[in-house]
Amino acid sequence: MTVDAGAEAIASDAAPPPPASRIPLSPSVWFAVIGVGLAGVVPAALMASTPIDGHESTAWIWALLLVVVAGTRYAWLVAQGSARLFEIVFWLFTYVFLGLAPMSQMRSDRYPQTTPQVDTSLNATAMGVVWIGVAAFLIGVSIATIRPARPASRQRVSLVVPHRLYIFCLLTLVVCGYYIAKISPKSLVLSRVGRSAIESASWSNSTVEAVIKAFVTLAPVIAFAAVLRLRRQRRAVGEHYPVVWAWVMLVLVVLIDNPVSTPRYVTGTALLGVAVALGAASRAGRLRILAVSLVLGLVIVFPLLDLFRYSTDPGQTSPQSFSETLVTADFDAIDQINNTVSFVQVNGSTGGKQLLGAVFFFVPRTVWSSKADDTGVLLASYRGYKVTNLSAPVWTELFIDFAWVGLGVGMLLLGYVLRRWDDAALASFRIFPAPGVLSGTLPFYLVIMLRGSLLQSMAGFTVLIVCAALVGRRVPASRVAAELSRS
């Protein structure tokens with residue numbers, strides 16, 4: 001599609017059809033196949049491998065129902081072939097972390113070792129927290145869906161600005177070079193714990209360390225996507241743009257975001273951001289392959305990458321079965337929601353203290369002595385756990401701050417915002433075969449934010465937002481062709 005034709009498509013009231021799939025299956029067939037697999041075959045196999053053993057809790061049924069709902073919604077989005085990446089990732093997280101994992105744990109009465117002695121009498125309430133959040137999210141999505149479309153004059157598309165991109169690539173190269181020199185190149189092939197210890201010793205200020213780590217792991221991904229986006233912009237007006245900077249940024253991604261010494265969520269965000277920039281979601285068929293791969297990767301590949309947490313010798317740890325994987329520390333989301341229910345029952349809600357600490361994460365504790373602790377740490381301390389590096393899902397963050405009302409309002413707003421963000425990304429797809437620079441990476445970082453804690457994820461979120469703003473600007477759709485001709 002040409003730039004002019006794309007701008008006309010954005011300006012029109014009717015949404016254009018999704019890109020045609022090269023795979024000769026209709027959306028209804030895709031929906032049936034994926035839906036049966038996710039909402040039928042997978043939970044049936046999980047129930048067969050986790051027979052109920054001597055306990056009468058039925059809270060797992062609520063998890064099973066959530067598996068069906070989340071799996072069906074995920075299948076519908078994927079079958080449509082429309083790259084609503086934010087919502088796709090939300091339902092992926094819900095399906096695995098709040099559906100399959102709780103179902104496995106509650107049926108087998110086995111819970112992660114990092115969250116021992118979970119009060120199983122609160123499992124039903126914890127699932128109630130999950131369901132209220134999911135229902136509110138769906139309401140938010142629905143409100144955003146029925147909201148009148150913006151007039152053509154107000155539709156805006158993100159464009160990469162060439163001179164800004166060049167400066168940003170230089171800045172990224174310099175900062176990444178400084179980082180590698182500071183921790184030494186050999187640290188990049190250590191275990192995650194080993195590399196993290198060196199990073200902590202290199203920067204005495206934890207906030208500075210968090211921002212630098214977030215920048216060097218995410219900025220090259222943004223730069224890579226921006227170079228490819230600029231190349232597409234130039235090709236749209238019949239010009240050529242060299243991609244040498246894309247190769248440089250890709251090398252940095254491979255070095256710094258490698259799966260051996262980098263946290264798995266960050267590695268996944270980086271690799272998926274690169275894949276989408278290369279066109280992994282540009283056609284319906286590609287999107288479907290990507291979406292199915294995400295489910296398999298999160299359940300199978302993701303746990304295997306934990307082999308490198310303490311050692312680079314994978315022979316020290318053997319792979320686990322599907323049901324065993326779901327009771328490991330990676331899938332403690334429902335247990336932390338359970339602990340949150342207990343915390344609020346005993347202490348009451350914090351009235352927004354945790355959210356305030358996350359928003360102002362950059363303020364040092366030497367200045368703000370009463371700044372809230374990481375929510376995962378707070379819950380671990382409350383329960384007397386030895387391991388404090390625990391998750392705190394968005395459901396937990398909202399419930400511990402504002403109880404039931406805040407949970408509903410917060411998740412409704414989240415659904416509304418993510419739907420509108422997806423709409424904006426699709427507007428870009430109608431001109432270029434890829435989303436905007438930010439919309440191709442942030443959806444996958446959303447897994448980190450959904451799993452929590454929010455305080456830990458804010459540095460990366462801020463880096464992504466700032467970096468994307470540095471390399472681009474938004475212009476009205478009607479002016480896209482003129483802007484490209486002048487740039």
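This is a short guided tour of the structure above, one selection at a time.

Before you start, note that the model is predicted: local features need pLDDT of at least 70 and side-chain atom pairs count only at pLDDT 80 or more, while totals for chains, interfaces and linings use all residues. Residues are numbered from 1 along each chain as its sequence is written, and side-chain values use heavy atoms, with hydrogens and water left out.

**Stop 1: H3 and H4**

Select residues 60-80, helix H3, and residues 85-108, helix H4. Helices here are DSSP runs (H or I, at least four residues), and they are numbered from the N terminus. Two packed helices are described by the angle between their axes and the distance between the axes. An axis is a line fitted to C-alpha atoms, for helices over the stretch in contact, and the angle runs from 0 to 180 degrees between N-to-C directions.

How do the axes of H3 and H4 cross? They come within 8 Å of each other and cross at roughly 155 degrees. The pair is therefore roughly antiparallel; that word is used for angles over 145 degrees, while angles under 35 count as roughly parallel, 65 to 115 as roughly perpendicular and the rest as oblique. The crossing of H3 and H4 is left-handed, a term for a near helix turned anticlockwise from the far one by less than a right angle (clockwise would be right-handed). By class, the contact of H3 with H4 has 17 nonpolar, three polar and three charged residues. In this count, Ala, Val, Leu, Ile, Met, Phe, Trp, Tyr, Cys and Pro are nonpolar, Asp, Glu, Lys and Arg are charged, and the others, Gly among them, are polar.

**Stop 2: add H5**

Now add residues 123-146, helix H5. The axes of H4 and H5 lie 12 Å apart, at an angle of about 165 degrees. That makes H4 roughly antiparallel to H5, and their crossing is left-handed. Next, hide H4 and look at H3 with H5. Their axes come within 10 Å and cross at roughly 25 degrees, so H3 and H5 are roughly parallel. The crossing of H3 and H5 is left-handed too.

**Stop 3: the loop between H4 and H5**

Pick aspartate 109, which sits in the loop between H4 and H5. Aspartate 109 has a positive phi of about 60 degrees although it is not a glycine. Is aspartate 109 buried or exposed? It is partly exposed, with a relative accessible area of 40%. Buried means under 20% relative accessible area, exposed over 50%, and partly exposed in between (1.4 Å probe, protein chains only).

Move along to glutamine 117, found in the loop between H4 and H5. Glutamine 117 has a positive phi of about 55 degrees, and it is not a glycine either. At 74% relative accessibility, glutamine 117 counts as exposed.

**Stop 4: H13**

Select residues 333-347 to see helix H13. Its 15 residues reach 21 Å from first C-alpha to last, close to the 21 Å expected at 1.5 Å a residue. The expected span is 1.5 Å times one less than the number of residues. H13 is mostly covered, with 12 of its 15 residues buried; among them are Ala333, Ile337, Phe343 and Val344.

**Stop 5: H16 and its kink**

What is the span of H16 between its end C-alpha atoms? A straight helix of 36 residues would span 52 Å at 1.5 Å a residue, but H16 spans only 29 Å. Centre your view on phenylalanine 402, where H16 has a kink of about 135 degrees. The bend at a residue is the angle between axes fitted to the seven residues ending there and the seven starting there.

H16 covers residues 394-429, and serine 428 is found in it. Serine 428 is buried, with a relative accessible area of 4%. Show arginine 156 as well: its C-alpha atom is separated by 8.6 Å from that of serine 428, although the two are 272 residues apart along the chain.

**Stop 6: a cis bond and H18**

Zoom in on glycine 452 and serine 453, joined by a cis peptide bond with omega about 5 degrees. Serine 453 is found in the loop between helix H17 (442-451) and helix H18 (454-471).

Finish on H18, whose end C-alpha atoms are 26 Å apart, which agrees with the 26 Å expected for 18 residues. Its buried residues include Leu454, Met458, Leu464 and Val471. Alanine 469, in H18, is partly exposed, with a relative accessible area of 48%. The C-alpha atoms of alanine 469 and valine 160 are separated by 9.4 Å, with their positions 309 residues apart along the chain.

How values were computed:
Helices (H or I, at least four residues) and strands (E, at least two) are DSSP runs, numbered from the N terminus.
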